[in-house]
Amino acid sequence: MKTLVINCGSSSLKYQLIDMETEESLVQGLVERIGIDGSILTQKVEGKNKYVIEENMPNHKTAIKHVLNALVNKEHNIIESMDEIGAVGHRVVHGGEKYSHSVIIDNEVLESIRDCISLAPLHNPPNIIGIEACRELMPNTPMVAVFDTAFHQTMPKEAYICPLPYELYEKYGIRKYGFHGTSHMYVSQKIAEVMGKDIKDLKIVTCHLGNGCSLAAVKGGKSIDTSMGFTPLAGVMMGTRSGSIDPSVISFLMEQYDYTINDIDEILNKKSGVLGISGVSSDFRDVLAESEKGNKRAKLALDIFHYKVRAQIAAYAGIMGGVDVIVFTAGIGENSAITRKECLRGLEFLGFEIDDERNSIRGKIQEISTDTSKVKVYEIPTNEELMIARDTVKLVSKL
Ligand code: ADP
């Protein structure tokens, strides 16, 4: 079955068409500046020229129409008609407590995703718009919602209940949900396969280090804790997000300096993290380069980042009663040897040994620990789209 995977953001849309007989990605595309002047669709197929559409795309429905046209374009010659798309898998950021698994989308599911808007006001609305647009244009194609939060629904209460008045959980659903679940699930399943082990026998720490960063403790194939929280702002330091800080900083700034809640939101989400400390960039490549040139604040930003990740790895090894394998993934985790090494520095007591030559290889499935290392360390490129497509096919084939 050819499965279309859609990841809809507020002004962008990423898509892939995957042939699920072979799990081969046939085409990848990105639409940018939806609803803004200068909309552009760029579609890539291996070994062929890029296919580009530069046309006004005032809304997601127009963008998806262009995606469907791009998929049947003669230059790329991927599919002849839309009817060849057997199913569509949608990435949905927040499924609240209701969804611990992916689901076939019907009106009721759409309503529940709508109910979660208050929990993810920036993310769920564009996800819903994407689903609605696809349903309108492909009314007979089954669609599946795959939630970023679902994998973490296995966390025990002591991990997900915030130590606030309990009524706030009961009344408003304030608790840890966790995000990047599709990625944590993918890499934990992949590492079990690569090591030839049953995932039920493994204690895994997964480190998803990209623009957003989160770690998860995966025991016996289940997420038992993760570093992001009620929102993707919590946990370790990130590109522009602070990660967890003392919440009193917020009332202090609001009371003493008249900051508004929007100012605070902007500071914590957009101006903090690696960007805020370094003053250079949120992009790790820039900060690494500046640090090498001797920029002290760039170095400090990296030092804090490594420290936070290191502390989180140690904590998760602790709560699982040990660790069998540590996995690095996403932009930084897959590509930066120095970051991997620094995030592990001082944790050798857990029982691993790093092979520097192996660690210098990037962007592919690679063991970076030595053959004799008791605890294994790997880099595994994440593939959230494939995970979404797998769940989609699994559910659609039962229809
Ligand atoms: P997103 O969370 O948006 O999906 P990615 O997983 O693509 O983000 O990760 C983006 C991050 O990966 C950026 O900070 C970027 O600097 C970093 N990155 C990409 N390639 C490298 C590299 N070769 N070395 C260090 N960092 C890298």
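I take a polar contact to be a pair of N or O atoms within 3.5 Å, and I keep in mind throughout that this is a predicted model.

**Entry 1, ligand contacts.** I looked up the ligand with that cut-off in hand and found a polar side-chain atom of Asp283 at 2.4 Å from an oxygen atom of the ligand. For Ile332 I noted a polar backbone atom, which lies 3.3 Å from an oxygen atom of the ligand. With Asn335 the partner is a nitrogen atom of the ligand, 3.5 Å from a polar side-chain atom of that residue. I then checked the cover and recorded that the ligand on its own has 590 Å² of accessible area, of which the protein covers 71%.

**Entry 2, the shell.** I listed 14 residues around the ligand, and those that come nearest are Asn211, Asp283, Phe284, Gly331 and Ile332. Sorted by class, the shell holds 7 polar, 4 nonpolar and 3 charged residues. I traced at least two shell residues to each of α10 (284-292) and α12 (330-335), and α12 gives the most, with 4 residues.

**Entry 3, a surface patch.** I turned next to the surface, where Phe252, Met254, Tyr257, Tyr259 and Ile261 make a nonpolar patch of about 490 Å². Helix α7, which spans residues 248-257, gives the most to this patch, with 3 residues. I looked at Tyr257 in particular, which is found in helix α7. Is Tyr257 buried or exposed? I entered Tyr257 as exposed because its relative accessibility is 52%, and the cut-off for exposed is over 50%.

Technical notes
Residues numbered from 1 in each chain as written. Predicted model: local features only at pLDDT ≥ 70, side-chain atom pairs only at ≥ 80, totals over all residues. Heavy atoms only, no water. Patch = residues over 30% accessible without salt bridge, like charges linked within 9 Å, V, L, I, M, F, W, Y side chains within 5 Å. Areas by Shrake-Rupley, 256 points an atom, 1.4 Å probe, with all protein chains shown as cover. Salt bridge = Lys/Arg side-chain N within 4 Å of Asp/Glu carboxyl O. Buried < 20%, exposed > 50% of the residue type's maximum accessible area, 1.4 Å probe, protein only. Near = heavy atom within 4 Å. Polar contact = N/O pair within 3.5 Å; in protein donor to acceptor, adjacent residues only side chain to side chain. Nonpolar A, V, L, I, M, F, W, Y, C, P; charged D, E, K, R; others polar.
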